[in-house]
Amino acid sequence: MQVYQMYKDMLYNVSLRIIINQQDAQDMVHDAFIKAFQNITKLENDLNLGPWLKRIVVNCSLDFLRKKKKLSWLQESYELQQDEEVLTEELDNTSLKFEDVKKAIDALKDKYRIIIVLYLIEDYSHKEIAQQLGLKESTVRNQYVRGKRLLKQQLQNKITV
Amino acid sequence: MSLEHFIKDHKTAFDDSKMSEDTTLDFEARLQQELHQGSKPVRRLRAMRYVSIAASVVLLIALGYWYQNEQQRIEVRDNLVSALDASDTNSSRLEAIYDIEDQLADEEEDEKILQAFFKILKTDSDANSKIAVIDALLKFPDNQLVRNHLIDALGNETEPLVQLKLIKSVALLREQRAKAPLKKIIENEESLPLVKGNASDLLAMLNQ
(Lines give C-alpha, C1' and ligand atoms only; values in the text may rest on other atoms or scores of the structure.)
Protein backbone atom coordinates (compact mmCIF):
# COMPACT_ATOMS: atom_id res chain seq x y z
CA MET A 1 0.00 0.00 0.00
CA GLN A 2 3.03 2.24 0.41
CA VAL A 3 3.64 2.12 -3.31
CA TYR A 4 -0.02 2.89 -3.89
CA GLN A 5 0.07 5.95 -1.64
CA MET A 6 3.27 7.16 -3.24
CA TYR A 7 2.19 6.93 -6.87
CA LYS A 8 -1.59 7.11 -6.93
CA ASP A 9 -1.86 10.86 -7.51
CA MET A 10 0.77 10.83 -10.25
CA LEU A 11 -1.03 8.01 -12.07
CA TYR A 12 -4.39 9.65 -11.49
CA ASN A 13 -3.23 12.83 -13.23
CA VAL A 14 -1.85 10.86 -16.18
CA SER A 15 -5.10 8.97 -16.63
CA LEU A 16 -7.27 12.03 -16.08
CA ARG A 17 -5.48 13.86 -18.89
CA ILE A 18 -6.30 10.99 -21.23
CA ILE A 19 -9.87 10.12 -20.30
CA ILE A 20 -11.00 13.36 -18.59
CA ASN A 21 -13.63 11.67 -16.40
CA GLN A 22 -12.57 11.61 -12.72
CA GLN A 23 -14.34 8.41 -11.70
CA ASP A 24 -13.03 6.51 -14.71
CA ALA A 25 -9.53 7.84 -14.09
CA GLN A 26 -9.66 6.53 -10.50
CA ASP A 27 -10.74 3.11 -11.79
CA MET A 28 -7.85 3.15 -14.24
CA VAL A 29 -5.39 3.85 -11.44
CA HIS A 30 -6.71 0.82 -9.57
CA ASP A 31 -6.59 -1.35 -12.69
CA ALA A 32 -3.02 -0.23 -13.29
CA PHE A 33 -1.91 -1.10 -9.76
CA ILE A 34 -3.55 -4.52 -9.94
CA LYS A 35 -1.81 -5.21 -13.26
CA ALA A 36 1.46 -3.96 -11.85
CA PHE A 37 1.24 -6.19 -8.80
CA GLN A 38 0.41 -9.19 -10.97
CA ASN A 39 3.40 -8.49 -13.22
CA ILE A 40 5.85 -7.15 -10.70
CA THR A 41 8.42 -9.81 -11.66
CA LYS A 42 8.72 -8.17 -15.07
CA LEU A 43 10.09 -4.99 -13.51
CA GLU A 44 13.84 -5.30 -13.89
CA ASN A 45 14.96 -2.25 -11.95
CA ASP A 46 13.16 -0.76 -8.96
CA LEU A 47 14.30 2.69 -10.00
CA ASN A 48 12.05 2.43 -13.03
CA LEU A 49 8.94 1.83 -10.96
CA GLY A 50 7.40 5.28 -11.55
CA PRO A 51 7.81 5.34 -15.34
CA TRP A 52 6.76 1.66 -15.49
CA LEU A 53 3.56 2.40 -13.59
CA LYS A 54 2.94 5.42 -15.84
CA ARG A 55 3.18 3.24 -18.94
CA ILE A 56 0.74 0.76 -17.42
CA VAL A 57 -1.81 3.45 -16.57
CA VAL A 58 -1.49 4.94 -20.07
CA ASN A 59 -2.17 1.47 -21.54
CA CYS A 60 -5.14 0.92 -19.23
CA SER A 61 -6.59 4.33 -20.07
CA LEU A 62 -6.26 3.82 -23.82
CA ASP A 63 -7.76 0.31 -23.53
CA PHE A 64 -10.63 1.80 -21.59
CA LEU A 65 -11.30 4.37 -24.32
CA ARG A 66 -11.09 1.62 -26.93
CA LYS A 67 -13.69 -0.40 -25.08
CA LYS A 68 -15.91 2.66 -24.79
CA LYS A 69 -15.45 3.16 -28.54
CA LYS A 70 -13.98 6.54 -27.88
CA LEU A 71 -11.00 5.71 -30.04
CA SER A 72 -13.09 5.13 -33.15
CA TRP A 73 -11.18 8.00 -34.74
CA LEU A 74 -8.25 5.61 -35.06
CA GLN A 75 -10.08 3.90 -37.89
CA GLU A 76 -10.76 7.25 -39.50
CA SER A 77 -7.14 8.26 -39.32
CA TYR A 78 -5.30 7.75 -42.51
CA GLU A 79 -2.04 8.48 -44.18
CA LEU A 80 -1.87 12.16 -44.88
CA GLN A 81 0.64 14.08 -46.85
CA GLN A 82 3.48 15.17 -44.69
CA ASP A 83 1.91 18.30 -43.32
CA GLU A 84 4.66 20.83 -42.93
CA GLU A 85 4.22 22.98 -39.91
CA VAL A 86 3.17 26.46 -40.82
CA LEU A 87 3.27 28.48 -37.68
CA THR A 88 1.14 31.47 -37.13
CA GLU A 89 2.61 34.17 -34.97
CA GLU A 90 4.02 33.05 -31.66
CA LEU A 91 1.66 33.45 -28.77
CA ASP A 92 2.38 36.32 -26.48
CA ASN A 93 4.08 34.61 -23.57
CA THR A 94 3.17 37.29 -21.08
CA SER A 95 -0.53 36.78 -21.66
CA LEU A 96 -0.33 32.99 -21.69
CA LYS A 97 -1.74 31.50 -18.51
CA PHE A 98 -1.17 27.93 -17.44
CA GLU A 99 -4.83 27.47 -16.47
CA ASP A 100 -5.98 28.61 -19.92
CA VAL A 101 -3.58 26.22 -21.62
CA LYS A 102 -4.76 23.34 -19.43
CA LYS A 103 -8.41 24.10 -20.14
CA ALA A 104 -7.72 24.42 -23.85
CA ILE A 105 -5.97 21.02 -23.90
CA ASP A 106 -8.85 19.39 -22.03
CA ALA A 107 -11.30 20.93 -24.51
CA LEU A 108 -9.56 19.37 -27.53
CA LYS A 109 -11.16 16.35 -29.13
CA ASP A 110 -9.74 12.97 -28.04
CA LYS A 111 -7.87 12.52 -31.31
CA TYR A 112 -5.83 15.66 -30.77
CA ARG A 113 -5.71 15.75 -26.96
CA ILE A 114 -4.32 12.25 -26.46
CA ILE A 115 -1.47 12.80 -28.89
CA ILE A 116 -0.64 16.27 -27.50
CA VAL A 117 -0.68 14.93 -23.92
CA LEU A 118 1.41 11.85 -24.65
CA TYR A 119 3.98 13.82 -26.63
CA LEU A 120 4.32 17.05 -24.69
CA ILE A 121 3.57 15.97 -21.13
CA GLU A 122 4.28 12.24 -20.90
CA ASP A 123 7.39 12.41 -23.12
CA TYR A 124 6.33 9.70 -25.56
CA SER A 125 7.98 9.93 -28.97
CA HIS A 126 5.85 10.09 -32.10
CA LYS A 127 7.00 6.55 -32.85
CA GLU A 128 5.90 5.26 -29.45
CA ILE A 129 2.53 6.98 -29.77
CA ALA A 130 2.08 5.44 -33.20
CA GLN A 131 2.82 1.97 -31.81
CA GLN A 132 0.50 2.53 -28.87
CA LEU A 133 -2.39 3.69 -31.05
CA GLY A 134 -1.72 1.42 -34.02
CA LEU A 135 -1.21 4.35 -36.37
CA LYS A 136 1.51 5.30 -38.80
CA GLU A 137 4.12 7.65 -37.38
CA SER A 138 3.41 10.21 -40.09
CA THR A 139 -0.28 10.22 -39.15
CA VAL A 140 0.62 10.85 -35.52
CA ARG A 141 2.89 13.74 -36.53
CA ASN A 142 0.12 15.19 -38.64
CA GLN A 143 -2.51 14.90 -35.92
CA TYR A 144 -0.03 16.50 -33.53
CA VAL A 145 0.48 19.49 -35.83
CA ARG A 146 -3.27 19.85 -36.24
CA GLY A 147 -3.87 19.59 -32.51
CA LYS A 148 -1.26 22.22 -31.83
CA ARG A 149 -2.80 24.50 -34.42
CA LEU A 150 -6.23 24.10 -32.83
CA LEU A 151 -4.77 24.73 -29.42
CA LYS A 152 -3.09 27.92 -30.59
CA GLN A 153 -6.24 29.02 -32.29
CA GLN A 154 -8.25 28.54 -29.10
CA LEU A 155 -5.69 30.42 -27.04
CA GLN A 156 -5.48 33.23 -29.58
CA ASN A 157 -9.27 33.55 -29.44
CA LYS A 158 -9.03 33.73 -25.68
CA ILE A 159 -6.35 36.41 -25.79
CA THR A 160 -8.17 38.56 -28.31
CA VAL A 161 -11.57 38.31 -26.58
CA MET B 1 8.37 31.25 -26.29
CA SER B 2 6.49 28.66 -28.31
CA LEU B 3 3.40 26.97 -26.96
CA GLU B 4 5.29 23.68 -27.11
CA HIS B 5 8.02 24.98 -24.80
CA PHE B 6 5.48 26.61 -22.52
CA ILE B 7 3.74 23.26 -21.97
CA LYS B 8 7.01 21.38 -21.51
CA ASP B 9 8.28 23.97 -19.04
CA HIS B 10 5.08 23.73 -17.01
CA LYS B 11 4.85 19.94 -17.21
CA THR B 12 4.87 19.36 -13.47
CA ALA B 13 2.09 21.90 -12.95
CA PHE B 14 -0.26 19.59 -14.85
CA ASP B 15 -0.10 17.11 -11.96
CA ASP B 16 -2.36 19.24 -9.79
CA SER B 17 -5.26 16.85 -9.13
CA LYS B 18 -5.45 14.52 -6.16
CA MET B 19 -7.25 11.26 -5.88
CA SER B 20 -9.94 11.05 -3.24
CA GLU B 21 -8.75 9.35 -0.03
CA ASP B 22 -11.97 7.31 0.03
CA THR B 23 -10.70 5.32 -2.90
CA THR B 24 -7.89 3.77 -0.83
CA LEU B 25 -10.33 1.48 0.98
CA ASP B 26 -11.96 0.53 -2.31
CA PHE B 27 -8.58 -0.34 -3.68
CA GLU B 28 -7.60 -2.47 -0.69
CA ALA B 29 -10.80 -4.46 -1.04
CA ARG B 30 -10.29 -4.88 -4.76
CA LEU B 31 -6.71 -5.92 -4.33
CA GLN B 32 -7.76 -8.65 -1.91
CA GLN B 33 -10.41 -9.84 -4.31
CA GLU B 34 -8.20 -9.81 -7.40
CA LEU B 35 -5.21 -11.49 -5.86
CA HIS B 36 -7.29 -14.30 -4.36
CA GLN B 37 -9.68 -14.87 -7.19
CA GLY B 38 -11.15 -18.14 -8.43
CA SER B 39 -10.08 -20.09 -11.46
CA LYS B 40 -9.44 -18.22 -14.66
CA PRO B 41 -10.71 -20.94 -17.08
CA VAL B 42 -14.27 -20.53 -15.73
CA ARG B 43 -14.10 -16.80 -16.40
CA ARG B 44 -12.72 -17.44 -19.88
CA LEU B 45 -15.51 -19.86 -20.76
CA ARG B 46 -18.09 -17.35 -19.61
CA ALA B 47 -16.45 -14.62 -21.64
CA MET B 48 -16.34 -16.87 -24.71
CA ARG B 49 -20.06 -17.55 -24.37
CA TYR B 50 -20.78 -13.82 -24.29
CA VAL B 51 -18.53 -13.27 -27.30
CA SER B 52 -20.29 -15.98 -29.34
CA ILE B 53 -23.72 -14.51 -28.51
CA ALA B 54 -22.49 -11.05 -29.45
CA ALA B 55 -21.03 -12.38 -32.71
CA SER B 56 -24.39 -13.92 -33.67
CA VAL B 57 -26.17 -10.66 -33.01
CA VAL B 58 -23.58 -8.75 -35.03
CA LEU B 59 -24.08 -11.10 -38.00
CA LEU B 60 -27.83 -10.58 -37.89
CA ILE B 61 -27.70 -6.82 -37.88
CA ALA B 62 -24.76 -6.46 -40.28
CA LEU B 63 -26.96 -6.70 -43.35
CA GLY B 64 -29.37 -4.04 -42.16
CA TYR B 65 -26.49 -1.85 -41.14
CA TRP B 66 -24.89 -2.05 -44.55
CA TYR B 67 -28.14 -0.93 -46.18
CA GLN B 68 -28.40 2.12 -43.96
CA ASN B 69 -24.78 3.05 -44.44
CA GLU B 70 -25.08 4.98 -47.67
CA GLN B 71 -27.93 7.14 -46.38
CA GLN B 72 -25.92 7.87 -43.29
CA ARG B 73 -22.89 8.85 -45.31
CA ILE B 74 -24.88 11.53 -47.12
CA GLU B 75 -26.35 12.71 -43.85
CA VAL B 76 -22.90 12.90 -42.27
CA ARG B 77 -21.57 14.90 -45.19
CA ASP B 78 -24.46 17.36 -45.01
CA ASN B 79 -24.04 17.72 -41.26
CA LEU B 80 -20.33 18.36 -41.64
CA VAL B 81 -20.86 21.01 -44.29
CA SER B 82 -23.60 22.62 -42.18
CA ALA B 83 -21.27 22.64 -39.18
CA LEU B 84 -18.64 24.34 -41.31
CA ASP B 85 -21.10 26.96 -42.52
CA ALA B 86 -22.36 27.55 -38.99
CA SER B 87 -18.93 27.80 -37.36
CA ASP B 88 -18.62 31.24 -35.88
CA THR B 89 -15.13 31.12 -34.39
CA ASN B 90 -11.79 30.45 -36.04
CA SER B 91 -11.16 27.36 -33.92
CA SER B 92 -14.58 25.81 -34.58
CA ARG B 93 -14.10 26.43 -38.31
CA LEU B 94 -10.66 24.82 -38.24
CA GLU B 95 -12.04 21.85 -36.36
CA ALA B 96 -14.90 21.51 -38.86
CA ILE B 97 -12.41 21.47 -41.74
CA TYR B 98 -10.36 18.73 -40.07
CA ASP B 99 -13.52 16.72 -39.35
CA ILE B 100 -14.50 16.84 -43.01
CA GLU B 101 -11.01 15.84 -44.06
CA ASP B 102 -10.91 12.91 -41.63
CA GLN B 103 -14.39 11.54 -42.08
CA LEU B 104 -14.49 11.75 -45.85
CA ALA B 105 -10.87 10.81 -46.35
CA ASP B 106 -11.27 7.82 -48.61
CA GLU B 107 -13.97 9.26 -50.80
CA GLU B 108 -14.00 10.97 -54.14
CA GLU B 109 -14.13 14.74 -54.10
CA ASP B 110 -17.60 15.99 -53.31
CA GLU B 111 -18.94 19.07 -55.06
CA LYS B 112 -20.73 20.36 -51.98
CA ILE B 113 -17.62 20.10 -49.83
CA LEU B 114 -15.37 21.62 -52.47
CA GLN B 115 -17.66 24.63 -52.76
CA ALA B 116 -17.63 25.08 -48.97
CA PHE B 117 -13.83 24.98 -49.04
CA PHE B 118 -13.60 27.42 -51.97
CA LYS B 119 -15.81 29.81 -50.03
CA ILE B 120 -13.36 29.79 -47.11
CA LEU B 121 -10.45 30.32 -49.46
CA LYS B 122 -12.14 33.35 -50.99
CA THR B 123 -13.75 35.07 -48.06
CA ASP B 124 -12.34 33.89 -44.78
CA SER B 125 -9.63 36.00 -43.20
CA ASP B 126 -8.29 33.38 -40.80
CA ALA B 127 -4.91 32.05 -41.99
CA ASN B 128 -5.06 28.71 -40.18
CA SER B 129 -8.40 27.79 -41.74
CA LYS B 130 -7.17 28.72 -45.19
CA ILE B 131 -4.01 26.65 -44.72
CA ALA B 132 -6.08 23.67 -43.58
CA VAL B 133 -8.39 24.09 -46.59
CA ILE B 134 -5.42 24.21 -48.97
CA ASP B 135 -4.09 20.97 -47.44
CA ALA B 136 -7.49 19.38 -47.93
CA LEU B 137 -7.77 20.57 -51.53
CA LEU B 138 -4.31 19.26 -52.40
CA LYS B 139 -5.70 15.74 -52.06
CA PHE B 140 -7.36 16.30 -55.41
CA PRO B 141 -4.46 17.49 -57.57
CA ASP B 142 -6.13 16.38 -60.80
CA ASN B 143 -9.34 18.28 -60.24
CA GLN B 144 -9.35 21.26 -62.60
CA LEU B 145 -11.70 23.26 -60.39
CA VAL B 146 -9.36 22.83 -57.43
CA ARG B 147 -6.36 23.93 -59.48
CA ASN B 148 -8.25 26.99 -60.76
CA HIS B 149 -9.25 28.08 -57.29
CA LEU B 150 -5.73 27.65 -55.91
CA ILE B 151 -4.33 29.82 -58.70
CA ASP B 152 -7.05 32.45 -58.18
CA ALA B 153 -6.29 32.44 -54.47
CA LEU B 154 -2.60 32.94 -55.17
CA GLY B 155 -3.45 36.08 -57.13
CA ASN B 156 -5.76 37.50 -54.48
CA GLU B 157 -4.27 36.45 -51.17
CA THR B 158 -2.46 39.05 -49.07
CA GLU B 159 -1.72 37.13 -45.86
CA PRO B 160 1.99 36.09 -46.04
CA LEU B 161 1.59 32.67 -44.38
CA VAL B 162 -1.19 31.72 -46.75
CA GLN B 163 0.75 33.12 -49.71
CA LEU B 164 3.69 30.87 -48.78
CA LYS B 165 1.41 27.86 -48.50
CA LEU B 166 -0.16 28.62 -51.88
CA ILE B 167 3.25 29.06 -53.52
CA LYS B 168 4.32 25.64 -52.19
CA SER B 169 1.04 24.15 -53.38
CA VAL B 170 1.24 25.40 -56.96
CA ALA B 171 4.87 24.27 -56.97
CA LEU B 172 3.65 20.75 -56.14
CA LEU B 173 1.06 21.01 -58.90
CA ARG B 174 3.66 22.39 -61.36
CA GLU B 175 0.97 24.73 -62.56
CA GLN B 176 2.18 26.94 -65.44
CA ARG B 177 -0.79 29.27 -65.04
CA ALA B 178 0.65 30.37 -61.71
CA LYS B 179 3.21 32.55 -63.49
CA ALA B 180 0.93 35.61 -63.69
CA PRO B 181 -0.08 35.67 -60.00
CA LEU B 182 3.55 34.99 -59.04
CA LYS B 183 4.70 38.03 -61.04
CA LYS B 184 1.98 40.06 -59.34
CA ILE B 185 3.35 39.04 -55.93
CA ILE B 186 6.94 39.83 -56.93
CA GLU B 187 6.00 43.25 -58.28
CA ASN B 188 3.83 44.15 -55.31
CA GLU B 189 5.80 46.47 -53.00
CA GLU B 190 3.79 45.31 -50.00
CA SER B 191 4.78 41.64 -50.40
CA LEU B 192 7.18 40.41 -47.73
CA PRO B 193 10.76 39.67 -48.93
CA LEU B 194 10.37 36.02 -47.86
CA VAL B 195 7.21 35.67 -49.96
CA LYS B 196 8.83 37.44 -52.91
CA GLY B 197 11.85 35.14 -52.66
CA ASN B 198 9.70 32.01 -52.70
CA ALA B 199 7.62 33.39 -55.58
CA SER B 200 10.79 34.20 -57.59
CA ASP B 201 12.21 30.71 -56.99
CA LEU B 202 9.01 29.09 -58.18
CA LEU B 203 8.75 31.38 -61.19
CA ALA B 204 12.30 30.46 -62.18
CA MET B 205 11.46 26.78 -61.80
CA LEU B 206 8.33 27.11 -63.94
CA ASN B 207 10.28 28.98 -66.63
CA GLN B 208 12.88 26.25 -66.95
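A residue counts as buried under 20% relative accessible area, as exposed over 50%, and as partly exposed in between. By that yardstick A:Asp63, with a relative accessible area of 31%, is partly exposed, because its value falls between the two cut-offs. The model is a predicted one, and what follows starts with chain A before turning to chain B.

A:Asp63 sits in helix α3 of chain A, which runs over residues 49–67. Its side chain makes a polar contact with the side chain of A:Arg66, at 2.9 Å. There is also a long-range relationship to mention: A:Met28 is 35 residues away from A:Asp63 in sequence, yet the two C-alpha atoms are 9.7 Å apart in space.

Zooming out, chain A is a helical affair, with 8 helices and 0 strands. Read along the sequence, the pattern is simply α-α-α-α-α-α-α-α. Of its 161 residues, 56% count as buried. As for how the chain contacts itself, take the contacts between residues at least 6 apart in sequence: 73% of these join residues at least 24 apart.

Backbone geometry brings up one residue in each chain. Most residues other than glycine have a negative phi. A:Ile20, though not a glycine, has a positive phi near 65°. This isoleucine lies in the loop between α1 (2–19) and α2 (22–38) of chain A, and at 37% relative accessibility A:Ile20 counts as partly exposed. In chain B, B:Arg174 has a positive phi of about 50°, again without being a glycine. B:Arg174 is placed in the loop between α8 and α9, and with a relative accessible area of 57% this arginine is exposed, since its value is over the 50% cut-off.

Now for the helix packing in chain B, where α7(B) has contacts with both α8(B) and α9(B). The axes of α7(B) and α8(B) are 10 Å apart and pack at an angle of about 140°, so the two helices are oblique to each other. Their crossing is left-handed. On the α7(B) side, B:Arg147, B:Leu150, B:Ile151, B:Ala153 and B:Leu154 take part, and they meet B:Gln163, B:Leu166, B:Ile167, B:Val170 and B:Leu173 of α8(B).

With α9(B), which covers residues 179–187, the geometry reads as follows: the axes come within 8 Å and cross at roughly 15°. That makes α7(B) roughly parallel to α9(B), because angles under 35 degrees count as such. This crossing is left-handed too. Here B:Ile151, B:Leu154, B:Gly155 and B:Asn156 of α7(B) meet B:Pro181, B:Leu182, B:Lys184 and B:Ile185 of α9(B).

The link between α7 (144–156) and α8 (160–173) of chain B is a loop that holds B:Glu157. With a relative accessible area of 10%, B:Glu157 is buried. A polar atom of its side chain lies 3.1 Å from the backbone nitrogen of B:Glu159. Leaving aside neighbours within four places in sequence, B:Glu157 is in contact with B:Leu121, B:Lys130, B:Val162, B:Gln163 and B:Leu166. B:Gln163 and B:Leu166 also turn up on the α8(B) side of the α7(B)–α8(B) contact.

Finally, a word on annotation. The unreviewed UniProt entry places a "transmembrane region" at residues 47–67 of chain B. In the model this span is 100% helix and 0% strand, and its end C-alpha atoms lie 30 Å apart.

Methods: Residues numbered from 1 in each chain as written. Chains lettered and ligands numbered in written order. Predicted model: local features only at pLDDT ≥ 70, side-chain atom pairs only at ≥ 80, totals over all residues. Heavy atoms only, no water. UniProt positions renumbered as here; feature names shortened; annotations may be inferred. Helix = DSSP H or I, 4+ residues; strand = E, 2+ residues; numbered from the N terminus. Buried < 20%, exposed > 50% of the residue type's maximum accessible area, 1.4 Å probe, protein only. Polar contact = N/O pair within 3.5 Å; in protein donor to acceptor, adjacent residues only side chain to side chain. Contact = heavy atoms within 4.5 Å. Axes fitted to C-alpha atoms, helices over the stretch in contact; angles between N-to-C directions. Parallel < 35°, antiparallel > 145°, perpendicular 65-115°, else oblique. Left-handed = near helix turned anticlockwise from the far one by under 90°.
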